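Biologist: I should like to learn how a model of this kind is read, feature by feature. Could we begin with the general layout and proceed to individual residues?

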Amino acid sequence: MHLTLEFGGGLELLCESVKVHNVNVDMPKGADKLTMKDLLAWVRTNLIKERPEMFIKGESVRPGVLVLVNDCDWELSGQLDTTLEEKDVVVFISTLHGG
Amino acid sequence: MEDDTKPKKPGTRLCCACNQRRAALKRPKTLEQICRECFYAVFEEEIHQVILENKLFKPGERIAIGASGGKDSTVLAYVLSELNRRHNYGLDLFLLSVDEGITGYRDDSLETVKRNELQYGLPLKIVSYKDLYGWTMDEIVKMIGLKNNCTFCGVFRRQALDRGAALLKVDKVATGHNADDIAETVLLNILRGDIARLSRCTSIITGEDGPIPRCKPFKYTYEKEIVMYAYFKKLDYFSTECIYSPNAYRGFAREFIKDLERIRPRAILDIIKSGEDFRIATSTKMPEQGTCERCGYISSQKWCKACVLLEGLNRGLPKLGIGRNQGLNSDAKEDIKKDGRTKRSSSGLALHQEIGMWLNGRETKGDVFLFDIHPTKVFQIEGITQIVLNTWLMGHPPKSIVLVHIVS
């Protein structure tokens, strides 16, 4: 599944300072859909190069990291249970850096 | 009405305000789902109401916006100039930035502020630590290392903003402190037992008795909404962590608040409310506000914190003013014997024995020595002797500075 992932608010520093990643993510074996939970695990393994604790806490994002799926707050689409579709755009923004 | 991005799936929720457009976020304050346009409107209107209800500004005032280039101050500059136009506040707005002299961090964020100056048409004033104090943070860190550097930076920044505001001849400084920041500060002040600051930190206007008051128009604004606003509006802000170690204690409080917010977003406003309604026992001794004998800045001590820290830097005693009850403002000269009872060095010697060895007879009655335990230096205060000690206490005693007065 082709997805566009964007990292902002300082999170890009965890993936070699690249903000936008066009990626191809396979569905988990035996599953017929890809959820945000699956995507986070994939991102953790494949994109985050340093300090993963700045991004992940438990199986979700660290509190204070905002997630938008197609420019919509993931709190409206079921957070970890949000089902992703081809060409979806997922944005992660940290709110934890100074102001 | 179609958005420029595709809806997630059929039956996507609609905005609870207009009932027409697709909801774009869940508001932490109210848990309402709301579309972008309605969010902009309600976000700006709430800040407008806070400004009115608390009488933050008067027509004709000159207002400096403390601008770091980060998300909060960038959104503040944008929203304030918007509201000033829309509601005819009649304010002269300025951007005021502090250049701490941190290569690879502040120089980059200042570029953002310079772009904001053009984007929002607000005049910008930059004051630097180097000009005000003679030291950049890079130079300070080179001297003192990565411990306590945030103390220097915080104390210096506070004064630098005031001095810049005086140069701009403004009536007030507006800062981007948001609800999350204030909740965090309430918790920190409780954790530190700092009752004086606890009672001050939730005030939306502070320093009204001083020359230039400060106000926080975002006192009730959630960080999440500020970041969402900046993201949707594509505002240009800078977001990199300071290259010098972040304040770890504050970090814990911050993380705790964010964990609470995830379970119950109202917690943030409730912590602020608790801070506001705190009643301080009349028996609690509060520090008296006076002015610094040296620079005239507000201070509850003889010298203000910035002057104490600066004195330490300039005299080669950078730990002066760090920690409790030590330094120039303190009369806590401990005699050797008193100290020796409580502390032991790594060699197993009592502290007074160890100190005695190091002084090696060069002390005379009336001398005062300052022992800097982290890392390993001892200085004679009124003399030229600087004895570097390589085997100082390894056990990390609670105080980093011990003043020793030779009494016999």
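Modeller: Let us begin with contacts along the chain. In chain A, 57% of the contacts with a separation of 6 or more join residues 24 or more positions apart. Please keep in mind throughout that this is a predicted model.

Biologist: Which order of helices and strands does chain A follow?

Modeller: Along the sequence the pattern is β-β-β-α-β-β-β-β-β-β, that is, 1 helix and 9 strands. The radius of gyration of chain A is 13 Å, close to the 13 Å that the globule rule gives for 99 residues, so chain A is as compact as a globular protein of that length. Its C-alpha atoms occupy a box of roughly 40 × 25 × 25 Å along the principal axes, and 40% of the 99 residues count as buried.

Biologist: How are the strands of the sheet in chain A ordered?

Modeller: A sheet is read by strand order and by the sense of pairing. In chain A, 5 strands form an open sheet in the order 2-1-9-6-7, with mixed pairing. Strand 2 and strand 7 (72-73) of chain A are the edge strands, each pairing on one side only.

Biologist: In which sense do strand 1 and strand 2 of chain A pair?

Modeller: Strand 1 (residues 2-8) and strand 2 of chain A are antiparallel, over 5 bridges. Two of the bridge partners can be named: A:Leu5 is matched with A:His21 in strand 2, and A:Glu6 with A:Val20 in strand 2. As a general idea, side chains in a regular strand alternate between the two faces of the sheet.

Biologist: How many residues of strand 2 of chain A are buried?

Modeller: The count is 0 among the 5 residues of strand 2 (residues 20-24) of chain A, a strand that is hardly covered.

Biologist: Let us turn to the interface. How many residues of each chain take part in the contact between chain A and chain B?

Modeller: An interface is read by counting the residues on each side, then by asking which elements supply them. Here 20 residues of chain A are in contact with 29 residues of chain B. On the chain B side, at least two residues each come from strand 1 (25-26), helix 2 (71-86), helix 9 (223-232) and helix 10 (248-263). By class, the chain B side has 14 charged, 8 polar and 7 nonpolar residues.

Biologist: Why is helix 9 of chain B described as largely enclosed?

Modeller: The argument rests on a count of buried residues: 9 of the 10 residues of helix 9 of chain B are buried, so this helix is largely enclosed by the rest of the structure. Among the buried residues are B:Glu223, B:Lys224, B:Ile226 and B:Tyr229. The cover includes elements of both chains: strand 6 (65-69) and strand 9 (89-94) of chain A, together with strand 1, helix 1, helix 2 and helix 7 (179-192) of chain B. Helix 9 of chain B is followed by B:Lys234, with a positive phi near 55°.

Biologist: At what angle do helix 1 and helix 2 of chain B cross?

Modeller: A helix pair is read from its axes. Those of helix 1 (residues 36-53) and helix 2 of chain B come within 11 Å and cross at roughly 75°. An angle of 65 to 115 degrees counts as roughly perpendicular, and the two helices of chain B are therefore roughly perpendicular to each other. Helix 1 of chain B contributes B:Glu44, B:Ile47 and B:His48 to the contact, while helix 2 of chain B contributes B:Val79, B:Glu82 and B:Leu83. By class, this contact has 3 nonpolar, 1 polar and 2 charged residues.

Biologist: Where do A:Gln79 and B:Lys55 lie?

Modeller: A:Gln79 is in the loop between strand 7 and strand 8 (83-84) of chain A, and B:Lys55 is in the loop between helix 1 and strand 3 (62-66) of chain B. Each has a positive phi in a residue other than glycine: near 45° for A:Gln79 and near 50° for B:Lys55.

Biologist: Is A:Gln79 exposed or partly exposed, and is B:Lys55 buried or exposed?

Modeller: Exposure is read from C-beta neighbours inside 10 Å, and 12 or fewer make a residue exposed. A:Gln79 has 17 such neighbours and therefore counts as partly exposed. B:Lys55 has 10 other C-beta atoms within 10 Å, so B:Lys55 is exposed.

Methods. Residues numbered from 1 in each chain as written. Chains lettered and ligands numbered in written order. Predicted model: local features only at pLDDT ≥ 70, side-chain atom pairs only at ≥ 80, totals over all residues. Helix = DSSP H or I, 4+ residues; strand = E, 2+ residues; numbered from the N terminus. Rg over C-alpha atoms; globule rule 2.2 N^0.38 Å. Buried ≥ 20, exposed ≤ 12 C-beta atoms within 10 Å, placed from the backbone. Contact = placed C-beta atoms within 7 Å. Nonpolar A, V, L, I, M, F, W, Y, C, P; charged D, E, K, R; others polar. Axes fitted to C-alpha atoms, helices over the stretch in contact; angles between N-to-C directions. Parallel < 35°, antiparallel > 145°, perpendicular 65-115°, else oblique. Pairing = 2+ DSSP bridges.
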